[in-house]
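Biologist: I am new to this structure and should like to understand the terms used to describe it. May I put some questions to you?

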Amino acid sequence: MSQDNFGSPPGVAKMPTLRKPIRPFFNPGGGSGAGGSSTETENTAPQSSDPSPTHKMPTLRKPIKPFFNPDTPVETEDSGEAIFTLAIFSFLMFSVPIAVFFYVQDYMVTNEFDEMSSIFAPVLGAIIAVNLIIVLYVIRALQVERRGQ
(Lines give C-alpha, C1' and ligand atoms only; values in the text may rest on other atoms or scores of the structure.)
Protein backbone atom coordinates (compact mmCIF):
# COMPACT_ATOMS: atom_id res chain seq x y z
CA MET A 1 0.00 0.00 0.00
CA SER A 2 1.54 3.22 -1.04
CA GLN A 3 0.44 6.43 0.43
CA ASP A 4 0.90 9.56 -1.59
CA ASN A 5 0.18 13.21 -0.87
CA PHE A 6 1.42 13.27 2.75
CA GLY A 7 -0.40 10.41 4.30
CA SER A 8 -3.69 10.52 2.43
CA PRO A 9 -5.04 7.01 1.82
CA PRO A 10 -4.91 5.58 -1.70
CA GLY A 11 -8.02 6.07 -3.77
CA VAL A 12 -8.73 9.57 -2.42
CA ALA A 13 -8.55 12.23 -5.10
CA LYS A 14 -5.67 14.66 -4.79
CA MET A 15 -6.34 18.34 -4.51
CA PRO A 16 -5.38 20.22 -7.65
CA THR A 17 -2.29 22.38 -7.35
CA LEU A 18 -1.39 25.57 -9.12
CA ARG A 19 1.18 25.14 -11.83
CA LYS A 20 2.58 28.66 -11.38
CA PRO A 21 2.88 30.50 -8.08
CA ILE A 22 0.57 33.46 -7.60
CA ARG A 23 2.44 36.73 -7.99
CA PRO A 24 1.43 40.25 -7.03
CA PHE A 25 -0.20 42.44 -9.66
CA PHE A 26 2.66 44.93 -9.77
CA ASN A 27 5.62 42.58 -9.68
CA PRO A 28 8.85 44.26 -10.76
CA GLY A 29 10.59 40.91 -10.97
CA GLY A 30 8.62 39.71 -13.98
CA GLY A 31 6.17 36.86 -14.14
CA SER A 32 2.52 36.94 -15.01
CA GLY A 33 0.72 40.12 -14.07
CA ALA A 34 -2.37 41.72 -15.49
CA GLY A 35 -1.42 40.96 -19.08
CA GLY A 36 -0.95 37.26 -18.50
CA SER A 37 2.35 37.07 -20.35
CA SER A 38 5.67 36.34 -18.73
CA THR A 39 7.40 39.21 -20.53
CA GLU A 40 6.24 42.55 -19.26
CA THR A 41 8.37 45.02 -21.15
CA GLU A 42 5.49 47.44 -21.58
CA ASN A 43 4.41 47.27 -17.89
CA THR A 44 7.71 47.69 -16.06
CA ALA A 45 9.82 50.81 -15.74
CA PRO A 46 13.33 50.67 -17.12
CA GLN A 47 15.82 49.49 -14.53
CA SER A 48 18.80 51.73 -13.88
CA SER A 49 22.02 50.77 -12.21
CA ASP A 50 21.98 53.94 -10.08
CA PRO A 51 19.87 53.26 -6.94
CA SER A 52 19.49 56.97 -6.05
CA PRO A 53 16.50 58.72 -7.63
CA THR A 54 17.09 61.57 -10.02
CA HIS A 55 14.33 63.67 -8.46
CA LYS A 56 12.52 63.79 -5.16
CA MET A 57 8.78 63.44 -4.80
CA PRO A 58 7.06 66.62 -3.59
CA THR A 59 5.68 66.49 -0.08
CA LEU A 60 2.93 68.44 1.61
CA ARG A 61 4.39 68.01 5.08
CA LYS A 62 6.05 70.90 6.81
CA PRO A 63 9.53 70.13 8.08
CA ILE A 64 9.47 68.88 11.64
CA LYS A 65 11.00 71.32 14.06
CA PRO A 66 12.70 69.32 16.82
CA PHE A 67 11.70 70.29 20.34
CA PHE A 68 15.04 69.62 22.04
CA ASN A 69 17.42 71.07 19.47
CA PRO A 70 20.89 72.00 20.78
CA ASP A 71 21.37 74.44 17.88
CA THR A 72 18.44 76.67 18.82
CA PRO A 73 19.11 80.26 19.83
CA VAL A 74 19.53 81.11 23.50
CA GLU A 75 16.24 83.01 23.82
CA THR A 76 14.09 79.93 23.10
CA GLU A 77 12.97 77.44 25.71
CA ASP A 78 15.51 74.76 26.56
CA SER A 79 14.80 71.24 27.81
CA GLY A 80 15.18 72.10 31.49
CA GLU A 81 12.71 74.97 31.25
CA ALA A 82 10.25 72.81 29.29
CA ILE A 83 10.34 70.04 31.89
CA PHE A 84 9.97 72.59 34.70
CA THR A 85 6.93 74.12 32.98
CA LEU A 86 5.41 70.68 32.49
CA ALA A 87 5.98 69.84 36.16
CA ILE A 88 4.37 73.09 37.31
CA PHE A 89 1.28 72.63 35.15
CA SER A 90 1.01 68.96 36.13
CA PHE A 91 1.05 69.94 39.80
CA LEU A 92 -1.57 72.62 39.14
CA MET A 93 -3.74 70.16 37.22
CA PHE A 94 -3.63 67.75 40.15
CA SER A 95 -4.02 70.08 43.12
CA VAL A 96 -6.15 73.06 42.05
CA PRO A 97 -9.32 71.16 40.99
CA ILE A 98 -9.28 69.14 44.23
CA ALA A 99 -8.79 72.29 46.30
CA VAL A 100 -11.55 74.12 44.42
CA PHE A 101 -13.90 71.16 44.84
CA PHE A 102 -13.47 70.98 48.62
CA TYR A 103 -13.47 74.76 49.11
CA VAL A 104 -16.72 75.20 47.17
CA GLN A 105 -18.28 72.19 48.89
CA ASP A 106 -17.37 73.59 52.32
CA TYR A 107 -18.77 76.99 51.37
CA MET A 108 -22.02 75.46 50.11
CA VAL A 109 -22.52 73.31 53.24
CA THR A 110 -21.57 76.11 55.65
CA ASN A 111 -24.06 78.53 54.10
CA GLU A 112 -26.75 75.83 54.06
CA PHE A 113 -27.53 75.62 50.35
CA ASP A 114 -29.82 72.81 49.20
CA GLU A 115 -28.35 69.35 48.63
CA MET A 116 -28.44 69.45 44.82
CA SER A 117 -26.53 72.72 44.72
CA SER A 118 -24.04 71.39 47.29
CA ILE A 119 -23.22 68.52 44.93
CA PHE A 120 -23.42 70.31 41.59
CA ALA A 121 -21.49 73.52 42.38
CA PRO A 122 -18.22 71.89 43.58
CA VAL A 123 -18.10 69.65 40.53
CA LEU A 124 -18.72 72.58 38.21
CA GLY A 125 -16.02 74.59 40.00
CA ALA A 126 -13.49 71.78 39.57
CA ILE A 127 -14.32 71.45 35.85
CA ILE A 128 -13.90 75.18 35.35
CA ALA A 129 -10.55 75.07 37.20
CA VAL A 130 -9.27 72.29 34.92
CA ASN A 131 -10.29 74.21 31.82
CA LEU A 132 -8.61 77.39 33.08
CA ILE A 133 -5.36 75.49 33.68
CA ILE A 134 -5.51 74.07 30.16
CA VAL A 135 -6.05 77.56 28.73
CA LEU A 136 -3.08 78.86 30.72
CA TYR A 137 -0.93 76.02 29.39
CA VAL A 138 -1.89 76.80 25.80
CA ILE A 139 -1.17 80.50 26.35
CA ARG A 140 2.25 79.58 27.76
CA ALA A 141 2.97 77.36 24.74
CA LEU A 142 1.99 80.15 22.35
CA GLN A 143 4.26 82.60 24.18
CA VAL A 144 7.20 80.20 23.91
CA GLU A 145 6.46 79.61 20.21
CA ARG A 146 6.25 83.35 19.53
CA ARG A 147 9.49 83.91 21.44
CA GLY A 148 11.23 81.26 19.36
CA GLN A 149 10.37 82.85 16.02
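Modeller: Certainly; the model is a predicted one. Let us begin with S118: apart from neighbours within four places in sequence, S118 is in contact with Q105, M108, V109 and F113.

Biologist: Why is S118 called buried?

Modeller: The relative accessible area of S118 is 11%. Buried means under 20%, so S118 at 11% is counted as buried.

Biologist: Where does S118 lie, and what does its side chain reach?

Modeller: S118 is placed in helix α2. Its side chain reaches the backbone oxygen of D114 at 3.0 Å. The cut-off for a polar contact is 3.5 Å.

Biologist: Which other residues of α2 are buried, and against what do the buried residues of α2 pack?

Modeller: Besides S118, the buried residues of α2 are P122, G125, A126, A129, I133 and V144. The buried residues of α2 pack against α1.

Biologist: How do you know that the span of α2 agrees with its number of residues?

Modeller: Helix α2 has 34 residues, and at 1.5 Å a residue the expected span is 50 Å. The end C-alpha atoms of α2 are 51 Å apart, which agrees.

Biologist: How many aromatic pairs does the rule give?

Modeller: The count is 3 aromatic pairs. One of them joins F89 and Y137, with 5.1 Å from centre to centre and 75° between the planes.

Biologist: Why is the pair of F89 and Y137 called edge-to-face?

Modeller: Ring centres must lie within 6.5 Å to pair, and planes over 60 degrees apart count as edge-to-face. The values of 5.1 Å and 75° for F89 and Y137 meet both conditions, so the name applies.

Biologist: What makes this pair a tie between parts that are apart in sequence?

Modeller: F89 belongs to helix α1 (residues 79-110) and Y137 to helix α2 (residues 115-148), so the pair ties together parts 48 residues apart in sequence. F89 counts as buried at 14% relative accessibility, while Y137 counts as partly exposed at 36%.

Biologist: Why is the pair of Y107 and F113 called tilted?

Modeller: Y107 and F113 have 35° between their planes and 6.4 Å from centre to centre. Planes under 30 degrees apart would be stacked and those over 60 edge-to-face, so the rest are tilted. Y107 is partly exposed at 45%, and F113 is partly exposed at 40%.

Biologist: What is the mean pLDDT of the protein chain?

Modeller: The mean pLDDT is 74, and 48% of the residues reach 70 or more. Over residues 35-43 the pLDDT is below 50, and this stretch has 7 contacts in the model beyond near neighbours in sequence.

Notes: Residues numbered from 1 in each chain as written. Predicted model: local features only at pLDDT ≥ 70, side-chain atom pairs only at ≥ 80, totals over all residues. Heavy atoms only, no water. Phe/Tyr/Trp six-rings, centres within 6.5 Å; stacked < 30°, edge-to-face > 60°. Helix = DSSP H or I, 4+ residues; strand = E, 2+ residues; numbered from the N terminus. Buried < 20%, exposed > 50% of the residue type's maximum accessible area, 1.4 Å probe, protein only. Expected span 1.5 Å × (residues − 1). Contact = heavy atoms within 4.5 Å. Polar contact = N/O pair within 3.5 Å; in protein donor to acceptor, adjacent residues only side chain to side chain. pLDDT = per-residue confidence, 0-100.
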